[in-house]
Amino acid sequence: MARPHRGTARLGHPGELIRDDLAESVRREGGRVLATLTRQFGSLDLAEEAVQDAVVRALEKWPDSGVPANPAGWLTTTAKNAARDRLRRSNKRGFKEEEAATMLMPPRAVHTESVVRDDLLRLIFTCCHPSLNLDAQVALSLRTLCGLTTSEIAAAFMVPESTMAQRLVRAKRKIAIAHIPYRVPPDEELGERVAAVLSVIYVLFTEAHHSSSSENPYRVDLAEEAIYLGRLVTGLIPEKPAAAGLLALMLATHARRASRVDERGDLVLMADQNRDLWDHDAISEADRLLNQALLMGAPDPYQLQAAISCVHGLAPTAEGTDWQEIVLLYDRLYEMQPTAVVAVNRAVALAELEGDEAGQMALETIEGVEHWHLYHAARAELFRRMGSLSEARGAYERALMCNPGPSDARFLEARLASLQA
Amino acid sequence: MPKYAALIYGEAVADWEPSPEEMAETMAAYNEFQEWAGERISASEALQAPETATTIHVEGGKGGKLVTTDGPFAETKEVLGGFYIYEASDLDDAVKTASQIPGAWQGRIEVRPVWDIPES
């Protein structure tokens with residue numbers, strides 16, 4: 001995956017795109033180091049600046065000196081020194097803060113895996129605290145946990161860099177001034193707080209799909225950042241199957257990315273997708289994660305959606321899909337999330353299982369979808385297959401009146417044109 | 001004697017960037033007022049900017065579902081009906097305490113950090 005180089009001002013021409021595994025691993029390790037420093041210095045802001053210093057130093061040094069035996073240890077020590085330097089330079093009050101923070105947290109000589117794990121969890125729960133708004137939670141997670149720069153995040157969400165910087169400053173100011181705690185929530189709150197973290201990751205993942213038509217070459221891949229965070233949380237809280245379910249959903253969905261649009265960027269229906277382009281390793285991993293999660297209790301909506309995505313992903317062809325299973329899964333999902341979107345998807349699956357008329361009848365009973373272009377597109381497709389071409393044309397025209405995005409609009413227009421030919 | 005609350009409105013703290021002189025002037029003016037009013041004042045605090053606020057609501061009565069939103073209370077239909085100043089170890093603790101106030105299920109409660117003005 002190409003991404004803008006870290007610290008472009010020092011390391012290359014601004015905006016230069018290079019594939020750099022070293023930068024990538026330093027960036028990922030940065031989140032762990034940041035988590036530890038935030039605990040030790042009691043300030044997310046200071047920790048962030050110090051980690052940035054250490055990352056820049058590593059990227060200057062390592063290409064010549066080679067990667068040290070313990071890169072995380074090297075980064076932590078360098079960042080800690082950088083933080084002390086910054087405190088010394090700024091004021092004496094900071095030193096008191098450091099002392100206070102050290103008093104609150106007993107010093108630990110050895111950085112065991114479990115200490116790092118707890119620090120990362122603290123950072124995750126702080127960045128995804130419900131008293132911050134969702135946009136701020138998403139931005140902060142990308143900045144601190146994924147190590148993206150402010151300009152990368154701004155580009156990903158297509159907002160001016162100053163807007164994103166302001167959002168991050170505001171969030172960090174609130175964390176500091178309102179005393180948002182840096183700790184793992186107690187057991188009785190954990191379920192709800194994990195759910196909040198997962199919704200941040202899910203928002204990030206769906207955002208990646210909505211903005212996939214963006215032609216900005218400097219965009220980072222938000223879907224991959226969301227999957228990275230999903231892996232992080234799944235690894236840190238293995239006892240909560242909800243995280244594994246979401247990770248499975250994201251992996252199985254992302255596995256089909258290469259075939260979802262054609263070379264012109266136009267949408268391709270799942271039935272017409274080239275299944276050789278699917279990432280079958282990712283689908284198998286999703287299936288494995290899902291099966292483990294399902295052993296731990298009744299499925300939640302993430303797991304049901306992941307299951308649907310896995311059934312599609314494991315099917316050899318569109319016709320060879322287990323539509324019975326898919327309809328059953330949509331039925332269970334509808335019990336938990338009785339939304340029009342779920343109902344429309346269920347009706348489309350029902351058409352495959354019981355025939356186009358059954359699907360069409362199910363579609364006609366759904367309410368509140370008159371302004372959703374994909375509802376009319378689904379109706380149009382079933383009319384077309386039943387040979388009711390004028391109804392199909394009417395439904396495509398309705399769909400085009402619902403303000404579909406540019407990519408969906410091109411798809412709908414092509415379908416409509418093929419009916420008129 | 002009847003008691004009154006004087007609710008002070010003005011530019012948000014975050015947007016207010018006074019010079020040291022302006023700051024000293026303002027502090028002196030407030031100190032002058034407080035000395036003048038003396039023991040008639042039973043409690044006073046300066047508040048942090050509204051953007052550090054968290055608004056909560058408890059759905060379905062005491063012990064119900066706690067809903068937390070970022071930012072100050074913004075509805076115009078409901079009005080300020082009273083306040084408590086209380087201590088809490090952090091924002092989670094402060095929210096938990098506020099969620100026990102009847103106003104949390106009868107209306108909304110804005111939890112705003114008090115500005116710890118450094119002694120100079």
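Is A:Asn403 buried or exposed? A:Asn403 is exposed, with a relative accessible area of 71%. Keep in mind as we go that this is a predicted model. A:Asn403 sits in the loop between α20 and α21 of chain A. Its phi is near 55°, a positive value in a residue other than glycine.

Let's step from that loop into helix α21 of chain A, which covers residues 406–420. With 15 residues at 1.5 Å a residue, α21(A) should span 21 Å, and its end C-alpha atoms are indeed 21 Å apart, so the two figures agree. Several residues of this helix are tucked away: the buried ones are A:Ser407, A:Asp408, A:Ala409, A:Phe411, A:Leu412, A:Arg415, A:Leu416 and A:Leu419. An α-helix has 3.6 residues a turn, so residues three or four places apart point the same way. What do the buried residues of α21(A) pack against? Their partners are α19 (373–385) and α20 (389–400) of chain A.

That brings us to α19(A), which also has a neighbour in α18(A), the helix of residues 356–364. Two packed helices are described by the angle between their axes and the distance between the axes. For α18(A) and α19(A), the angle is about 150° and the axes are 10 Å apart. Since angles over 145 degrees count as roughly antiparallel, α18(A) is roughly antiparallel to α19(A). Their crossing is left-handed. On the α18(A) side, the contact is made by A:Asp356, A:Gly359, A:Gln360, A:Leu363 and A:Glu364. From α19(A) come A:Tyr375, A:Ala378, A:Arg379, A:Leu382, A:Phe383 and A:Arg385. Sorted by character, the residues of this contact are 5 nonpolar, 2 polar and 4 charged.

Now go back along chain A to another helix pair, α11 (residues 222–236) and α12 (residues 241–254). Here the packing angle is about 150°, and the axes lie 9 Å apart. That makes α11(A) roughly antiparallel to α12(A). α11(A) passes α12(A) in a left-handed crossing. Which residues of α11(A) meet α12(A)? They are A:Ala223, A:Glu224, A:Ala226, A:Ile227, A:Gly230, A:Arg231, A:Val233 and A:Thr234. Facing them in α12(A) are A:Ala243, A:Ala244, A:Leu247, A:Met250, A:Leu251 and A:His254. The residues of this contact split into 9 nonpolar, 3 polar and 2 charged.

Another loop to look at lies between α9 (161–177) and α10 (187–210) of chain A, and A:His179 is in it. The phi of A:His179 is near 60°, again a positive value in a residue other than glycine.

Further back still, A:Ala47 lies in helix α3 of chain A, residues 44–65. This alanine is buried, with a relative accessible area of 0%. Leaving aside neighbours within four places in sequence, A:Ala47 is in contact with A:Leu34, A:Leu37 and A:Thr38. A:Val33, 14 residues from A:Ala47 in sequence, is 8.7 Å away in space, C-alpha to C-alpha.

Finally, turn to chain B. How many helices and strands does chain B have? There are 3 helices and 3 strands, and along the sequence they follow the pattern α-β-β-α-α-β. Of the 120 residues of chain B, 22% count as buried. Among the contacts in chain B with a separation of 6 or more, 58% come from residues 24 or more positions apart.

Notes. Residues are numbered from 1 along each chain as its sequence is written. Chains are lettered from A and ligands numbered from 1 in the order in which they are written. This is a predicted model: local features need pLDDT of at least 70, side-chain atom pairs count only at pLDDT 80 or more; totals for chains, interfaces and linings use all residues. Side-chain values use heavy atoms; hydrogens and water are left out. Axes are lines fitted to C-alpha atoms, for helices over the stretch in contact, and angles run from 0 to 180 degrees between N-to-C directions. Helices (H or I, at least four residues) and strands (E, at least two) are DSSP runs, numbered from the N terminus. Angles under 35 degrees count as roughly parallel, over 145 as roughly antiparallel, 65 to 115 as roughly perpendicular and the rest as oblique. A crossing is left-handed if the near helix is turned anticlockwise from the far one by less than a right angle, and right-handed if clockwise. Contact means heavy atoms within 4.5 Å. Ala, Val, Leu, Ile, Met, Phe, Trp, Tyr, Cys and Pro count as nonpolar, Asp, Glu, Lys and Arg as charged, and the others, Gly among them, as polar. The expected span of a helix is 1.5 Å times one less than its number of residues. Buried means under 20% relative accessible area, exposed over 50%, partly exposed in between (1.4 Å probe, protein chains only).
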